[in-house]
Amino acid sequence: MPDQTFTVNGETVTVDAPDDLPLLWVLRDLLGIRGPKYGCGIDVCKACTSHLDGEAFNPCATPVAAVAGRSVTTIEGLADGDRLHPVQEAWLEQDVAQCGFCQPGQIMAAVALLKRTSEPTDAEIDEIANVCRCGTYVRIREAIKAAAARM
């Protein structure tokens, strides 16, 4: 199998994996990074949302070869040491999580949105297509607005 080299959460890694192996399995099974969740494997539920070169993407539908030489950030790489990202802080303050399964992907999608716009409208927040089976969308909206005000 070929070596695949990329950066994940600020650290350069090299893994021995076939080019077409979904990045989600590389992250979870080969690198032990468990934040991005498997929900569908077809880029629909967005439970695995992470960032590729600063933009939201879904590693379940991205072959590892597509990230060669690029930078991947997962929920594990969002905080700055012991200091949580403002979106993570807002998530806790708004008590967003219920079961928590989708929350890493929700947070990463929210961070990407707030990079694009500092004052997102309800319509822009609604464009985040991540699925929350517990239906915490009202608290997600509140947390995104709180984080935007903080940032």
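Trainee: What area is buried between domain 1 and domain 2?

Mentor: In this predicted model, the figure is about 1200 Å². Carbon and sulfur atoms give 66% of that area.

Trainee: Where do the two domains begin and end?

Mentor: The domain assignment of the protein gives 3-77 for domain 1 and 86-150 for domain 2. Their C-alpha centres lie 21 Å apart. The contact takes 16 residues from domain 1 and 14 residues from domain 2.

Trainee: Let's turn to the strands. How do you know that β1 and β2 pair?

Mentor: Two strands pair if DSSP finds at least two bridges between them. Strand β1 (residues 3-8) and β2 are joined by 6 bridges, so the requirement is met. The two strands run antiparallel. Among the facing residues, F6 stands opposite V13 in β2, and V8 stands opposite E11 in β2.

Trainee: And what makes β1 and β5 a pair?

Mentor: Here the count is 2 bridges, and the cut-off is at least two, so β1 and β5 pair as well. This time the strands run parallel. T7 has S71 in β5 as its bridge partner.

Trainee: In which sense do β3 and β5 pair?

Mentor: In the antiparallel sense, over 2 bridges, with β5 covering residues 71-73. L52 has V72 in β5 as its bridge partner.

Trainee: Why is the pairing of the 5 strands called mixed?

Mentor: In general, strands of a sheet pair through backbone hydrogen bonds, either parallel or antiparallel. Both senses turn up here: β1 and β5 run parallel, whereas β1 and β2 run antiparallel. The sheet is open, with the order β2-β1-β5-β3-β4.

Trainee: What makes β2 and β4 edge strands?

Mentor: Each pairs on one side only; β2 spans 11-16 and β4 spans 55-57. Neighbouring strands of this sheet are turned by 40 degrees against each other on average, direction ignored.

Trainee: Which residues of β1 make up its covered face, and which its uncovered one?

Mentor: Q4, F6 and V8 form the covered face, while D3, T5 and T7 form the uncovered one.

Trainee: Which strands does α3 lie across?

Mentor: Helix α3 lies across β3, β4 and β5, and runs at about 45 degrees to β3. Q103 is found in this helix, which covers residues 103-116.

Trainee: Does Q103 count as buried or exposed?

Mentor: Buried means under 20% relative accessible area. Q103 has 6%, so it counts as buried. Leaving aside neighbours within four places in sequence, Q103 is in contact with W91, V96, A97, C132 and T136. Q103 and T136 are 33 residues apart in sequence, and their C-alpha atoms are 9.9 Å apart in space.

Trainee: Why is the pair of W25 and Y38 called tilted?

Mentor: Take the distance first. Rings pair if their centres lie within 6.5 Å, and these centres are 5.1 Å apart, so W25 and Y38 pair. Then comes the angle. Planes under 30 degrees apart count as stacked and over 60 as edge-to-face; the value here is 35 degrees, so the pair is tilted. By this rule the count comes to 1 aromatic pair.

Trainee: Where do W25 and Y38 sit in the chain?

Mentor: W25 is in helix α1 (residues 23-30), and Y38 is in the loop between α1 and β3 (50-52). The pair links distant parts of the chain, 13 residues apart. W25 has a relative accessible area of 29% and Y38 has 41%. Partly exposed runs from the 20% limit to the 50% limit, so both residues belong in that class.

Trainee: What stands out about phi in D53?

Mentor: Most residues other than glycine have a negative phi. D53 has a positive phi of about 50 degrees although it is not a glycine. D53 lies in the loop between β3 and β4.

Trainee: Which other residues have a positive phi?

Mentor: Among them are N9 and D95. N9 takes a positive phi near 50 degrees in the hairpin of β1 and β2, which has 2 residues between the strands. D95 has a phi near 50 degrees and is placed in the loop between α2 (86-93) and α3.

Trainee: Why is D95 called exposed and D53 partly exposed?

Mentor: The exposed class needs over 50%. D95 has 55%, so it is exposed. D53 has 41%, so it is partly exposed.

Technical notes
Residues are numbered from 1 along each chain as its sequence is written. This is a predicted model: local features need pLDDT of at least 70, side-chain atom pairs count only at pLDDT 80 or more; totals for chains, interfaces and linings use all residues. Side-chain values use heavy atoms; hydrogens and water are left out. Rings of Phe, Tyr and Trp (its six-membered ring) pair if their centres lie within 6.5 Å; planes under 30 degrees apart count as stacked, over 60 as edge-to-face and the rest as tilted. Helices (H or I, at least four residues) and strands (E, at least two) are DSSP runs, numbered from the N terminus. Buried means under 20% relative accessible area, exposed over 50%, partly exposed in between (1.4 Å probe, protein chains only). Contact means heavy atoms within 4.5 Å. Axes are lines fitted to C-alpha atoms, for helices over the stretch in contact, and angles run from 0 to 180 degrees between N-to-C directions. Domain bounds come from an automatic or database domain assignment. Buried area is the accessible area (1.4 Å probe) that two parts lose on being put together, summed over both.
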